[in-house]
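Trainee: Could you walk me through one part of this model slowly? I would like to begin with a single residue and then see what surrounds it.

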Amino acid sequence: MNKLIAIFGVAMLFACYANLATAQTPEDQLKIEQQAQDIAAKRGPFAFYFGGAFGAGLVIIGAGLGISRIGASAVESMSRQPEVAGNIQTAMIIAAALIEGATFFGLIVCMLFNN
């Protein structure tokens, strides 16, 4: 089930941001920005900023779940093998730091693409 969720998440990521990877001329970029401003004027600021807020919430939830699973697994493995607790703790801290870095990157992406 976890693999299915991961595959679905990656597919949704590519589906949502596939148009960002396409090459655009400056005129096309100005046209897209004008359309975004028109949409924001029609819907108001709440609807325009909802996507970034929703994405940031998903990033935080995912990071919280990931770090909690790392912590739970580390404590469980330390209780089974107390002699290697130091190595497990070091690996846990490194993995949590990597997840936190990816979380900050995701939050920055949500804020940048929200403008």
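Trainee: In which helix does Gly 64 lie? Please take a close look at that helix with me.

Mentor: Happy to! Gly 64 lies in helix 3. Before we go on, keep in mind that this is a predicted model. The mean pLDDT of the protein chain is 80, and 77% of its residues reach 70 or more. Confidence is lowest in helix 1 (residues 2-17), where the mean is 69, and highest in helix 4, where it is 90.

Let's place our helix in the whole chain. The protein chain has four helices and zero strands, so its elements, read from the N terminus, run α-α-α-α. Helix 3 itself covers residues 45-80.

Now back to Gly 64. This residue is partly exposed, because its relative accessible area of 39% falls between the 20% limit for buried and the 50% limit for exposed. A useful partner to compare with is Thr 103, which has its place in helix 4. Along the sequence, Gly 64 and Thr 103 are 39 residues apart, while in space their C-alpha atoms are 9.5 Å apart. Thr 103 counts as buried, because its relative accessibility of 10% is under 20%. Leaving aside residues up to four places away in sequence, Thr 103 touches Val 59, Ile 60 and Ala 63.

Thr 103 has company, too: the buried residues of helix 4 are Ile 88, Ala 96, Thr 103, Gly 106, Leu 107 and Cys 110. Helix 4 spans residues 85-112, which is 28 residues, and reaches 40 Å from its first C-alpha to its last, close to the 40 Å expected at 1.5 Å a residue. Over the protein chain, buried residues make up 11% of the 115 residues. As for contacts between residues with a separation of 6 or more, 69% of them join residues 24 or more positions apart.

Next, follow helix 3 to Phe 50, which also lies there. Phe 50 is partly exposed, since its relative accessible area is 46%. Together with Phe 54 and Leu 58, Phe 50 forms a nonpolar patch on the surface, and the three have about 330 Å² of accessible area together. For the protein chain, the accessible surface comes to about 9000 Å², and 70% of that belongs to carbon and sulfur atoms.

Finally, look at Glu 76 and Arg 80. These two form a salt bridge, with their closest N and O atoms 2.8 Å apart. A search of the whole structure finds one salt bridge. Why does this pairing fit the helix? Glu 76 and Arg 80 are four residues apart in helix 3, so about one helical turn separates them. Glu 76 is partly exposed, at a relative accessible area of 41%, whereas Arg 80 counts as exposed because its 64% relative accessibility is over 50%.

So here is the picture to take away from helix 3: Gly 64 is partly exposed, Phe 50 takes part in a nonpolar surface patch, and Glu 76 forms a salt bridge with Arg 80.

Conventions. Residues are numbered from 1 along each chain as its sequence is written. This is a predicted model: local features need pLDDT of at least 70, side-chain atom pairs count only at pLDDT 80 or more; totals for chains, interfaces and linings use all residues. Side-chain values use heavy atoms; hydrogens and water are left out. A salt bridge is a side-chain nitrogen of Lys or Arg within 4 Å of a carboxyl oxygen of Asp or Glu. Helices (H or I, at least four residues) and strands (E, at least two) are DSSP runs, numbered from the N terminus. Buried means under 20% relative accessible area, exposed over 50%, partly exposed in between (1.4 Å probe, protein chains only). Contact means heavy atoms within 4.5 Å. Accessible areas come from the Shrake-Rupley method with a 1.4 Å probe; for residues, only the protein chains shown count as cover. Patches are made of residues with over 30% relative accessible area and no salt bridge: like charges are joined within 9 Å, nonpolar side chains (Val, Leu, Ile, Met, Phe, Trp, Tyr) within 5 Å. The expected span of a helix is 1.5 Å times one less than its number of residues. pLDDT is the predictor's confidence in each residue, from 0 to 100.
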